[in-house]
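Subject: The structure we talked about

Hello,

Here is the structure I promised to pass on to you. Have a look at it first, and then read my notes below.

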Amino acid sequence: MAAKTKKEKVVLNDYESVIIFTPVLSEEQLKEAVSKYRSMITENGGELVHEENWGLTKLAYPINKKTTGFYHIYEYKASGDFVSKFELAFRRDERIMRYLTTSLEKHALVFNQRKRNGEFNQSKKEKQEGK
């Protein structure tokens, strides 16, 4: 068998992962956990598009008798098989209470870009002045 001479192009899909960390973590522990997952994306051939920290937020319902959690969101491009590795790391990490990974389609990408540009944070008065 001949070895492949051409480098295969890996298709990167768009994903968004929301992670809820336990509220008992110190600021240093939280930063370490966040940087661990950030580096996991880039080390596995992914590309981090955007990262957002919502901080300590009240949960809609208690999880493990806790009513708050640290929310962190990653928007990234990665190959399809990376998501299963990423979620396996989430399941093994006792600092994570819940997580959700979604595949982003083109309309969600446009919405996220517009949200980052601040188009939805304007008050009615600012919108009227801008017209």
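**The sheet**

Strand 1 and strand 4 run antiparallel and are joined by 7 bridges. Within that pairing, Val18 of strand 1 faces Leu100 in strand 4. Before going further, please keep in mind that this is a predicted model.

Strand 1, which covers residues 13-21, also pairs with strand 3, residues 66-78; this pairing is antiparallel too and has 9 bridges. If you want a place to start looking, find Ile20, whose bridge partner in strand 3 is Tyr71.

Strand 3 in turn pairs with strand 2, residues 47-63, in the antiparallel sense over 11 bridges. Here Glu51 stands opposite Tyr74 of strand 3. Strand 2 and strand 3 form a hairpin with 2 residues between the strands, and in that hairpin Asn64 has a positive phi near 55°.

Put together, this gives an open sheet of 4 strands in the order 2-3-1-4, with antiparallel pairing. Strand 2 and strand 4 (96-103) are its edge strands, each pairing on one side only. From one strand to the next, the twist averages 20°.

**The helices**

Where do the helices go? Helix 1 lies across strand 1, strand 2, strand 3 and strand 4, and it runs at about 20° to strand 3. Helix 2 packs on the sheet as well, where it touches strand 1, strand 3 and strand 4. The direction of helix 2 makes about 170° with that of strand 4.

**The aromatic residues**

How many aromatic pairs does a search of the whole structure find? The count is 10. One of them is the pair of Tyr37 and Phe90, which is edge-to-face, with 5.1 Å from centre to centre and 65° between the planes. Tyr37 belongs to helix 1 (residues 27-43) and Phe90 to helix 2 (residues 80-92), so this pair ties together parts that are 53 residues apart in sequence.

Are these two residues buried or exposed? Tyr37 counts as buried because its relative accessibility is 0%. Phe90 also counts as buried, at 2% relative accessibility.

Another edge-to-face pair is formed by Tyr74 and Phe86, at 6.4 Å centre to centre and with 65° between the planes. This pair links distant parts of the chain, with Tyr74 in strand 3 and Phe86 in helix 2, 12 residues apart. Tyr74, which you met above as the residue opposite Glu51, is buried at 0% relative accessibility. Phe86 is buried too, with a relative accessible area of 0%.

These four residues belong to one aromatic cluster, made up of Tyr15, Tyr37, Tyr74, Tyr76, Phe82, Phe86, Phe90 and Tyr99.

**The loop before helix 2**

One last spot to visit is Ser79, in the loop between strand 3 and helix 2. Ser79 has a relative accessibility of 15%; buried means under 20%, so Ser79 counts as buried. Which residues does Ser79 contact, leaving aside its neighbours within four places in sequence? They are Val10, Val11, Leu12 and Tyr15, and Tyr15 is also a member of the aromatic cluster. In addition, the side chain of Ser79 makes a polar contact of 2.6 Å with the side chain of Asp81.

Enjoy exploring, and write back with any questions.

Best wishes

Key
Residues numbered from 1 in each chain as written. Predicted model: local features only at pLDDT ≥ 70, side-chain atom pairs only at ≥ 80, totals over all residues. Heavy atoms only, no water. Pairing = 2+ DSSP bridges. Phe/Tyr/Trp six-rings, centres within 6.5 Å; stacked < 30°, edge-to-face > 60°. Buried < 20%, exposed > 50% of the residue type's maximum accessible area, 1.4 Å probe, protein only. Axes fitted to C-alpha atoms, helices over the stretch in contact; angles between N-to-C directions. Contact = heavy atoms within 4.5 Å. Polar contact = N/O pair within 3.5 Å; in protein donor to acceptor, adjacent residues only side chain to side chain.
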